[in-house]
Structures are given as structure tokens and as C-alpha cells.
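Reader: I would like to learn how to read pockets, cavities and backbone features in a model, one feature at a time. Could we begin with the open spaces?

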Amino acid sequence: MTNHAPAAADVPTALPAAAATGHTILQVGPVNPDVQAALAGEFGALRLPETRPEREDFLHEHGGQVTVAVCSGRIGVDTELMRALPNLAAIVNFGVGYDSTDIAQAAERGIPVSNTPDVLTDCVADTALALYLDVLRRISAADRFVRRGDWEATGNFPLAVRASGKRVGILGLGRIGAAIARRLEGFGCELHYHNRRRIDGSPYAYHASARELAEAVEVLIVAAAGGPESAGLVDADVLTALGSEGYLVNIARGSVVDEPALVSALVEGRIAGAGLDVFAHEPYVPAQLLDLDSVVVLPHLGSGTAETRKDMARLTLENLRSFLRDGSLTTPV
Ligand code: 8YV
């Protein structure tokens, strides 16, 4: 990746909008272009260098000045960086997931964190449905079949699996999980869920564990937040419970699934297929998955539409402006 970060010596010392409020803003990692433009222009933000020696020099020189960090959910403010920012007073996160940020340290230090909920719910749920339909009906595999000339050469494409009317389990029935469930109601699916807590009044069948949920359904859709609490929740046992005719869809975080266990289950045909938008070590995708027609792989594009990214940028900047104005965040986590 090209490093566009300025060298410490090029960092602006006059800080336009933030200066008036006594705040110094730090951009951590690459962010959405609209956010980036506002940070560099209106907010005169500093930018954290991405390579090690420059980063250390930068933090040594400017770490104590920084009061607000703006990051994307992919990079976040990790343990080490947060420690190097002793006067940090807020973290503004682009994205609904904030598992790349050390939330425990932020809570301990009383540093509020904002994210961008709601505005991306529909697009992420749409992506889950796209993966659901693709992996069961084998749409991407069939597209490759036509492009390879196999339709003409060998005749009909092998039969797929019916997507309507399936028993589907949602792991994590939050905003996005509920939006996925609503869409699947339209496909006549029977819905089940597991969640940290049972949801009063939910019309769907509750299961006390991920394993019990997997046992009860034909397709398991992962919509749980990432982070230490959910790490490896979908393990080898859960995949065994899903069974050789079961499918997995993950639009949440790669960390929620034990990826080596998933790869073996797919390679050995112990589950039928998977639709994956997220991976444990993005952008790395296990090579064994690339040869499997039973797997659909996407480059973490869940919220990736022009409209939704604009809305996420607007909400990120709204949080930043609100914090600079009166110390409050519009959408704190
Ligand atoms: C973004 C996401 O791609 O919001 C999230 O948690 O995973 C996606 O919408 C990502 O956060 C951008 O950094």
C-alpha cells in the first residue's frame, strides 16, 4: 500500500476548526474520502503515519496534543496507540463495528466512542441476502460455468438448493440481524436466533447457544458484533451441528468464526457451503476457499454503496462536530 501519510515534519501546526475549540484531531489510518477531505480541510487534522519509525517519531512529538481520534472500523485505536495518546478525550469511528478499538481501555479512561449505526443496516442486510441466495442457488458458480463455456460444452448446470422456505438461524439479533430476518420472512423462511439475551416479544424461535441454533437450522447467518466476547463463537462444534447439508453466511466479523475450522469443514464437505463477506485477517482470504465452488467470497463490501457510505460519512462528521461543540457524541456506542 502507498503511504500517503505526511512525514512528521510536514504536519500542519495551525489547526483551523479544532484549534478554536482547543482540540487537536488525529486521523488514524485511511478513512472514507468525504471524511478525509473534511479532516484535512475544515478540521486541520493531523494524520498518523502508517509506517513504524515515522509513527513512533510522530507520536513522540504530537501524541500528547491529540484529544480526538477519527478512525475507520477496520483500523481503530488499538491498545498501544491509545496508550500513546494520554490526553485522548473521544474516538470517532466510521462504521458500526468498533472491535479494532480497545474498548476496555477507552471505558477505563472514560473516553467516549461513537460509531455509525442504523444508516448501514439495510445495505449490510441486503448483502447477507445476496450471499444467502448466491450460495444456495449457486449463482456465482453458475456465472463462472457460463463464462468458461461449460454450458455449451457440457449442458445443464447441476441443480442447486431451494432458498425459499428454509429454516434459518440468525446469530446476533441486533439491528442488522433483525433486518436480515425481516427480509427472510419475505422468502417464507422459518426464523430462529441466538443472542446474548433473549429478545422479549420476538416472533422467532430462541436457542440458548450457537450450537443449539446450528442444530435447529439449515442456514446459519452470523450477524453478531465482533470483539473478545464473540471471538470463535462459531467453532468446529457449531459447524458439526450445522451439518453436511448446512450453509454458513457471515456478514459480521471474521473473528466470530474459527476460520481454520471453517476452511476444513468446507474442504472436507462437512458443511455444504458458505457465503463470506468477512475474514479473520482481511484482506487475506484462505487460498483453499478460492478453489471451492461451494463458497462465495466478497471483499468486505457489506455497507459499500455510494448512498450508505455518504450517510456514514455524514454521521461520522456529525459526531465529530457535536463533540467539538459541547463534548457530546451523537451516536455513542
Ligand atoms: C465498513 C463495517 O466497511 O460498519 C462496519 O462495521 O464493517 C463496514 O460497514 C467498515 O467499518 C469501514 O471501516
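Author: About 170 Å³ of space lies in the second largest pocket, and since everything here rests on a predicted model, each value should be taken as computed from that model. The lining of this pocket is made up of Glu50, Arg52, Arg55, Glu56, Leu59, Asp78, Glu80, Leu81 and Ala84. Two elements, helix H3 (52-62) and helix H4 (79-83), each give two or more residues to that lining, and H3 has the largest share, with four residues.

Reader: What is the make-up of the lining of the second largest pocket by class?

Author: By class, there are three nonpolar and six charged residues in the lining of the second largest pocket, and no polar ones.

Reader: How does one look for space that is closed off, and how many cavities of 30 Å³ or more are there?

Author: The general idea is that rolling a probe the size of a water molecule over the atoms shows where empty space is left. In this model the count comes to two cavities of 30 Å³ or more. The largest cavity holds about 60 Å³ of space, and its lining consists of Asn250, Gly254, Val257, Glu259, Leu262, Val263, Leu276, Val278, Phe279, Ala280 and Leu289. By class, that lining divides into eight nonpolar, two polar and one charged residues.

Reader: Which element gives the most to the lining of the largest cavity, and which of its residues are buried?

Author: Helix H12 gives the most to the lining of the largest cavity, with three residues. The buried residues of H12, which spans residues 259-267, are Glu259, Ala261, Leu262, Val263, Ala265 and Leu266. Glu259, Leu262 and Val263 are also named in the lining of the largest cavity. As for the surroundings, the buried residues of H12 pack against helix H11 (236-242), strand E10 (247-250), strand E11 (273-276), helix H13 (287-290) and strand E12 (295-297). Just after H12, Gly269 takes a positive phi of about 70 degrees.

Reader: What lines the second largest cavity, and how do its residues divide by class?

Author: The second largest cavity has about 30 Å³ of space, and it is lined by Asp134, Val135, Arg138, Ile139, Ser140, Ala141, Arg144, Asp293, Ser294 and Val296. Helix H6 (121-137) and H7 are the elements that give two or more residues to this lining, with the largest share, four residues, coming from H7. The division by class is four nonpolar, two polar and four charged residues.

Reader: Turning to side chains, how many aromatic pairs are there, and how should the geometry of one of them be read?

Author: The count comes to two aromatic pairs. One of them joins Phe145 and Phe157, whose ring centres lie 5.1 Å apart with 65 degrees between the planes, and this pair is edge-to-face; the label follows because planes over 60 degrees apart count as edge-to-face. Phe145 lies in helix H7 (residues 139-147), whereas Phe157 lies in the loop between helix H8 (150-154) and strand E6 (167-171), so the pair ties together parts that are 12 residues apart in sequence. Phe145 is buried, with a relative accessible area of 7%, while Phe157, at 22%, is partly exposed.

Reader: Which backbone values deserve a second look in a model of this kind?

Author: In general, most residues other than glycine have a negative phi, and most peptide bonds are trans. Here a cis peptide bond joins Glu282 and Pro283, with omega about 5 degrees, and Pro283 has its place in the loop between E11 and H13. Asp118, which is not a glycine, has a positive phi of about 70 degrees, and Asp118 lies in the loop between strand E5 (113-114) and H6. Phi of His300, another residue other than glycine, is near 45 degrees; His300 is found in the loop between E12 and helix H14 (306-326), and with 17% relative accessibility His300 counts as buried.

Reader: Finally, how is the chain divided into domains, and how many residues from each take part in the contact?

Author: The chain is divided into domain 1 (8-117 + 307-326) and domain 2 (121-297). Their C-alpha centres lie 34 Å apart, and the contact takes five residues from domain 1 and six residues from domain 2.

Key. Residues numbered from 1 in each chain as written. Predicted model: local features only at pLDDT ≥ 70, side-chain atom pairs only at ≥ 80, totals over all residues. Heavy atoms only, no water. Phe/Tyr/Trp six-rings, centres within 6.5 Å; stacked < 30°, edge-to-face > 60°. Buried < 20%, exposed > 50% of the residue type's maximum accessible area, 1.4 Å probe, protein only. Contact = heavy atoms within 4.5 Å. 1 Å grid on protein atoms, 1.4 Å probe; cavity = no way out; pocket = protein on both sides within 12 Å on 5 of 7 lines; lining within 4 Å. Points joined across faces, edges and corners; volume = space filled by probe spheres on them. Nonpolar A, V, L, I, M, F, W, Y, C, P; charged D, E, K, R; others polar. Domains from an automatic or database assignment.
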